[in-house]
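Morning, everyone. Let me put the structure up, and then I'll walk through it piece by piece.

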Amino acid sequence: MLDVKFIRENKDIVAAGAKKKRIEVDLDRLIALDDKRRELQAKIDEKRAEQNAASNAIATARSDAERQEIIARMQDVKETLRLEEESMQEILKEWRSLMVQVPNIPDISVPEGDSDADNKEVRRWPAQSGVEGGEPVKFDFEPKSHTELLLLHDMADYERGAKVSGFRGYFLKNDGARMVWALERFVQDRFADKGFTPMIVPSLVRREAFIGTGYLPQGEDDLYKTQDGEYLAGTAEVATMGYYMDETLDKNDLPLKFFSFSPCYRREAGSHGKDAKGIFRIHEFLKYEQVVLCEASHEESARLHEEITANAEELLQELGLPYRVVINCGADLGLGQVKKFDVEAWMPSEKKYRETHSSSYFHDFQTRRLNIRYRGEDGALRYAHSLNNTALATPRILCQIVENNQRPDGSIAIPKALQSCMGKETIDHGPGNR
RNA sequence: GGAAGGGUGGCUGAGUGGUCUAAAGCGCAUGCUUGGAGAGCAUGAGUCGGGGAAACUCGACCGCGAGUUCGAAUCUCGCCCCUUCCGCCA
């Protein structure tokens, strides 16, 4: 949410930002409503002042007659006030619904574009991995897809997954399960000394934190909802951001960095047909997320954004997965995001880079909604800034790991970083896998 | 799921219809005092919104939301959360 004063004073900037994001919002309507809101508020305040004065006069009145006279007079004021408050309610209802639709302003460096096809590559690793369109990994055989490879080694069972869990359901078995556990251990270790606070956070989360992070009210269709009214979070970001809701932070503690784990649930409404097979796009998965709260400075947000992006890149490098970083275009940004990098690892079977991490910052868009503040050096309260990026999402990353490490005979070389935890160097047809 | 009791400022806690403009204590800040600290004394201090150059001033905020009333921290209703006990349970 933006400050309504800022919207009033910078209508053109806000409008241009919304246009860049391809989001429709009626700012003129909002500002007209805000005028009415302010005008009405002044009237209501005036009546209240009158009431307060009368209330004192009644309490200190010397006679009953005097008292009755004031009460009779105040009955009219009460009626007028009631009508004004009623119209205030109506105005506020529409005002609020428009306010939560106003998108945050994208950074100047965000490219124009209509869809993720317009995202721009920023860098790739290894740096020498070919020109645009070139393949970073050459196979002298036809590489199998992750769907096939996981099935071949009995690492996953999609059919029984669907039988038990429904569409996009899956079981991970044998080295599929072991690799997820090894990856968890791997990412836990790598984040142990980076100054992040490890947390296991709720997936079952109440509405407020979804509104606060910007997933609601727009994303209702993307979320599972319980019969008690909570929602299942699609990322640990929601609960982690909710952690300090309505609190004032100590400036000396900033930046606060969290390494948050949770199961994640996504309805993937509207994604039918996309990635329908395998474990790339699923309803239920596990994710370690980086969440950061910092002081209200663009430079600090930008610096930490690079830092959490670099953290993700380090992991992919150690796993030996070729990747690229793209800057997301305006249309591919969420409501509250100022700027976003997606990190995409190479998928040989598709000859494409596919997303493994998503790194973004929000300035005070989320913290204003969540009411997370800190006291600045000048004593003033400010909304903190917030950022987040994936640390590691499983089982998606298995897709790129098995595809990039496959050999002509179908066996899979296990990345060095996972070998000790998995207790071997190769996945082939052996005991426990067939 | 059942029963009972609660939710008041940074904290403890008083307040059951009208100067509540929220007592008191603790803690905090500043000053006096001191060689320094403590104690003591004095003063001050919340958040959000409106008006104002400012001093200041008006309004809102006692878990949240509705209602009763000229007037609500206080009464009524709904919801949320906490505590204790019972039940269930990894």
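Contact, in what follows, means heavy atoms within 4.5 Å. Helices (H or I, at least four residues) and strands (E, at least two) are DSSP runs, numbered from the N terminus. This is a predicted model: local features need pLDDT of at least 70, side-chain atom pairs count only at pLDDT 80 or more, and totals for chains, interfaces and linings use all residues. Residues are numbered from 1 along each chain as its sequence is written, chains are lettered from A and ligands numbered from 1 in the order in which they are written, and side-chain values use heavy atoms, with hydrogens and water left out.

Start with helix H2, residues 11-21. Buried means under 20% relative accessible area, exposed over 50%, partly exposed in between, with a 1.4 Å probe and protein chains only. In H2, Val14, Gly17, Ala18, Lys20 and Lys21 are buried. Why are they on the same side of H2? Because they cover an arc of only 160 degrees around the axis. That arc is taken from the directions from the helix axis to the C-beta atoms. On the other side of H2, Asp12 and Lys19 are exposed. And the buried residues pack against helix H1 (4-9) and helix H3 (27-59). After H2 comes Arg22, with a positive phi near 60 degrees.

Now the RNA. A residue is near a strand if one of its heavy atoms lies within 4 Å of it. RNA strand B is surrounded by 19 residues, and Asp45, Asn52, Ile58, Gln75 and Arg206 are the closest. Of the strand B atoms that come within 4 Å of the protein, 74% belong to sugar and phosphate. Which helix gives the most to this surface? H3, with nine residues. Helix H4 (64-99) and strand E14 (372-375) each supply at least two residues, as does H3.

By type, the surface divides into six nonpolar, six polar and seven charged residues. Here Ala, Val, Leu, Ile, Met, Phe, Trp, Tyr, Cys and Pro count as nonpolar, Asp, Glu, Lys and Arg as charged, and the others, Gly among them, as polar.

Next, polar contacts: pairs of N or O atoms within 3.5 Å; within protein, one must be able to donate a hydrogen and the other to accept it, and residues adjacent in sequence count only if both atoms are side-chain atoms. A polar side-chain atom of Gln75 sits 2.6 Å from a phosphate oxygen of strand B. For Asn52, the distance from a side-chain N or O atom to a phosphate oxygen is 3.0 Å. Arg373 comes 3.2 Å from a sugar or linking oxygen.

Away from the RNA, look at Ser301, in helix H10 (residues 298-319). Ser301 is buried, at 0% relative accessible area. Its side chain makes a polar contact with the side chain of His385, at 2.8 Å.

His385 is also touched by Leu293, a residue of strand E10 (284-294). Leu293 is buried too, at 2% relative accessibility. Leu293 and Leu387 are 94 residues apart in sequence, yet 6.6 Å apart C-alpha to C-alpha.

Last, the cores. A nonpolar core is a set of buried Ala, Val, Leu, Ile, Met, Phe, Trp, Tyr and Cys residues joined through side-chain atoms within 4.5 Å. The largest has 52 residues, and Leu183 and Leu418 touch the most other members. Helix H7 (residues 174-190) gives the largest share, six residues. A separate core has 24 residues, including Leu216 and Tyr244.

Methods. Lists of a residue's contacts leave out its neighbours within four places in sequence.
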